[in-house]
Amino acid sequence: MTPETNRSTTSLTPRSLTPTSRTPGLTWLRGDLHNHCEKPELFKEHLAGGVERLDFAALTNHAQKPVFFTQHEMIERGRQRYPDFPLFFGLEWNAAGGRHANVVFPHSSEEAAHAYALSRAHDRHVEGSDPDITRALQQLSQIDPAPVLFFNHPEPGDWSTQVLDQYLDPRHSVRIAIGLEAVHGHQAQPRGVRFDHDQYPGCAVGGLADHVYEKGLPLALLANSDFHVHKQAKEYDYPLGVFNHTRVGVAAAGSPDSNDILDAIRAGRTCACQGHWLDLIDFSISASGSPGSALIGDTWSCGAASRLTISLQATEALQSVDLIGRLSVEDTTSVVRQFGPQPVGPTNLIFEVPPAASGHLRLRVISRSHERPAPGQTAAKAFFTSAILLNSLTV
Ligand SMILES: [Zn+2]
Ligand SMILES: [Zn+2]
């Protein structure tokens, strides 16, 4: 089957997704936007369980694997089997400049054709292609609505601030690069936990995420499994939704559809989650006498003294709750407040934001227990919100 004959099955009807939890104004959905199935006969096993643990997923094979160019057949089968589960067509792109970036395409009759065209034109591992950042982004910018791109597993050496800056250059006509994996995939394997949360460039204080926030840009922090079902018999890894997953905050009103999910990711309205031990009830800034509030992904530009409200619900004790960011563009990003250990159950915290604050604030929560689903590793588990920007000026 060619991508062109795939039209009838690629659009989804809106549905009521099962909310993970609610924040005032938002419903949190769980998803996984980075995983691989290179044996079509295993695709049923690949999705099994994941469709119950998650609200949406993307399949994101590599273009140097021949199976990639028949990925639309797997996607079609998955959608037929689970018609109410948003299953995105994605690609783990051997990117220009860095190593791997995922591109996730909005549902359309042309989604596979767009992904195959990008690979043939601009993938480092596809013969004859031209891996150029500007030309690749230009090609993606022609697609309406635009796909989303995020930087994958940023181990030391994979992605640099200089290369990120090229992707984020405001002279690109459409903002395509919108997210970053805050943590590594493969969390059941030693390579997944090789770097702790203070060292890993995706989530470290003053690391790649903070570099983007310091530019005044929203950025979606993501956690994905990078599950490879075809390698499961050889070396166990966590299947979809068992451990790493991304929570995406969609507007609480109405029934979200696949476009709402991508819109929320574009807006940076996400949390990167390792395991299922913490729900975010509130993370927002407001000021008395000032209308409205800023949610994750928003820019708060009130200027007056304001209040950040943090509300959590935990099923495990918390080792630490840290607020990361800066309150002046003259500062470097740091931990601006350590709230310390917290017990199981609800945690409600307040941080006073001074007048004229400019910068960003994001939350890092670490569990006390290092236990994870078995079989797996023994290591700290983290929960990261994406940032709220403070009156930032885009540079
Ligand atoms: Zn990769
Ligand atoms: Zn991968």
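**Notes on the cis prolines, domains and a small sheet**

1. Starting in the loop that runs between helix H5 (133-141) and strand S7 (148-151), that's where you'll find Pro145. Worth a look in this predicted model: the peptide bond leading from Asp144 into Pro145 is cis, with omega near -5°.

2. There's another cis bond further along, joining Ala374 and Pro375, with omega about -5°. Pro375 sits in the loop between strand S19 (359-367) and strand S20 (382-385).

3. While you're checking backbone torsions, have a look at Asp226. Its phi is positive, near 55°, and the residue isn't a glycine. Asp226 belongs to the loop between S9 and strand S10 (227-228). Is Asp226 buried or exposed? Asp226 counts as buried because 25 C-beta neighbours fall inside 10 Å, and the cut-off for buried is 20 or more.

4. Ala356 is also a non-glycine with positive phi, about 60° here. You'll find Ala356 in the loop linking S18 and S19. Ala356 has 13 other C-beta atoms within 10 Å, so the label is partly exposed; exposed would need 12 or fewer.

5. On to the domains. The assignment splits the protein chain into domain 1 (3-277) and domain 2 (281-390). Their C-alpha centres are 24 Å apart, and the contact draws 40 residues from domain 1 and 31 residues from domain 2.

6. Which elements give two or more residues to the side of domain 1 that touches domain 2? They are strand S1 (21-23), helix H7 (208-214), strand S9 (220-222) and strand S12 (270-274). S12 provides the largest share of that side, with five residues. By residue type, this side of domain 1 divides into 23 nonpolar, 13 polar and four charged.

7. Last, the sheet. It's an open one of three strands in the order S13-S15-S18, and the pairing is antiparallel. Strand S13 (278-286) and strand S18 (345-353) are the edge strands, since each pairs on one side only. Neighbouring strands of this sheet are turned by 10° against each other on average, ignoring direction.

8. If you want to check the register, try S13 against strand S15 (residues 306-314). Those two pair in the antiparallel sense over eight bridges. Where does Asp279 find its bridge partner in S15? The partner is Gln313.

How values were computed:
Residues numbered from 1 in each chain as written. Chains lettered and ligands numbered in written order. Predicted model: local features only at pLDDT ≥ 70, side-chain atom pairs only at ≥ 80, totals over all residues. Pairing = 2+ DSSP bridges. Helix = DSSP H or I, 4+ residues; strand = E, 2+ residues; numbered from the N terminus. Axes fitted to C-alpha atoms, helices over the stretch in contact; angles between N-to-C directions. Domains from an automatic or database assignment. Contact = placed C-beta atoms within 7 Å. Nonpolar A, V, L, I, M, F, W, Y, C, P; charged D, E, K, R; others polar.
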